[in-house]
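Here's a quick briefing to read alongside the structure. It takes the sheet, then the helices packed around it, then the pocket.

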Amino acid sequence: MINYDLLKDELAKIGVSLDSYGLDRFDAYAERLVRWNKHVNLTAITEPDDIVIKHFFDSLYPLKYVHMNKEQRLVDIGTGAGFPGLPLLIAEPQLEVDFVDSVGKKLAFIKDVLRNSGLLARVVHKRAEEIGRNDDYREQYDYATARAVAPLNALCEYALPLVKVGGLFISLKGETGALELKKAENAIKVLGGEVVKFDEYTLPNGDARSIIIIKKISQTPTKYPRKSKKIDTRPL
């Protein structure tokens, strides 16, 4: 379904390579995404080349800056159709990944892709602020990722409580990244984070994107995360 050369060539520009198993898994992922999308609202992007660039390449862009090692743990918050966590798992199958979403149908789709691809991961049918107050998840992850979930000042309160000290929160944003980062400065500080990388880039099709990488430098105060209504209406 997808153009293997397009995916390989664009990823090579950011120093990422895939073996034949990885390419086949991305092809099967795209095929299932289009098929499931006829019945479950997963994405507005269904053309094969658009899936390669806007979903797969964009999701893998963090690997330009972050080397994810064996047995490290990643939590993908508000994962939806699996972006960016599932492409990262396909590229780095040694990762331990938890996919978190409050919508069961979307997690069912991820389970289907995992089963078909022979990949192992855990799906968590809960809200991020719920697991952020649970010791089984709180400050247990080397990485938290999120793409198109919430404004950054709110998103930090969902994500940073899950990241262990020394770990990273990787947020993928559109062209509003710089403005969102400015508004999130206080939240990042209060929650124990420090910005270590901000980059604006352009997808091969010309779409503007940005990446924000926040390092967890101290434990998050126990009163965070708050309930979702407070997070969204009264961000830090």
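Two strands count as paired if DSSP finds at least two bridges between them. On that basis, this predicted model has seven strands in an open sheet, with mixed pairing. There is also a pocket of about 660 Å³, the largest in the model.

**The sheet**
- Reading across, the strands run in the order β3-β2-β1-β4-β5-β7-β6.
- The edges belong to β3 (122–124) and β6 (193–202), each of which pairs on one side only.
- From one strand to the next, the twist averages 20 degrees.
- Take β1 and β2 as a sample pair: residues 73–77 and 96–100 run parallel, joined over five bridges.
- If you want a spot to zoom in on, find aspartate 76, which sits opposite phenylalanine 99 of β2.

**Helices on the sheet**
- α5 (residues 104–117) packs on the sheet, where it touches β2 and β3.
- The direction of α5 makes about 175 degrees with that of β3.
- α7 (residues 152–159) lies across four strands: β1, β4 (141–147), β5 and β7 (208–216).
- Against β5, helix α7 runs at about 145 degrees.

**Helix on helix: α2 and α5**
- Packed helix pairs are described by the angle between the two axes and the distance between them.
- For α2 (residues 20–37) and α5, the axes come within 10 Å and cross at roughly 145 degrees.
- The crossing of α2 past α5 is right-handed.
- On the α2 side, the contact is made by Arg25, Ala28, Tyr29, Arg32, Leu33 and Trp36.
- α5 answers with Lys105, Ala108, Phe109, Asp112, Val113, Asn116 and Ser117.
- Sorted by class, this contact between α2 and α5 has seven nonpolar, two polar and four charged residues.

**The largest pocket**
- Which residues are the closest to the centre of the largest pocket? Of the 34 that line it, they are Gly78, Gly80, Arg147, Ala148 and Val149.
- α3 (48–60), α6 (128–131) and β5 (163–173) each supply at least two residues of the lining of this pocket.
- The largest share of that lining comes from α3, with three residues.
- By class, the lining of the pocket is a mix: 14 nonpolar, eight polar and twelve charged residues.

Technical notes
Residues are numbered from 1 along each chain as its sequence is written. This is a predicted model: local features need pLDDT of at least 70, side-chain atom pairs count only at pLDDT 80 or more; totals for chains, interfaces and linings use all residues. Side-chain values use heavy atoms; hydrogens and water are left out. On a 1 Å grid over the protein atoms alone, a cavity is a set of points where a 1.4 Å probe fits but cannot get out, and a pocket is an open set with protein on both sides within 12 Å along at least five of seven lines; lining residues have an atom within 4 Å of a point. Grid points are joined across faces, edges and corners, and a volume is the space filled by probe spheres set on the points. Ala, Val, Leu, Ile, Met, Phe, Trp, Tyr, Cys and Pro count as nonpolar, Asp, Glu, Lys and Arg as charged, and the others, Gly among them, as polar. Axes are lines fitted to C-alpha atoms, for helices over the stretch in contact, and angles run from 0 to 180 degrees between N-to-C directions. Contact means heavy atoms within 4.5 Å. A crossing is left-handed if the near helix is turned anticlockwise from the far one by less than a right angle, and right-handed if clockwise.
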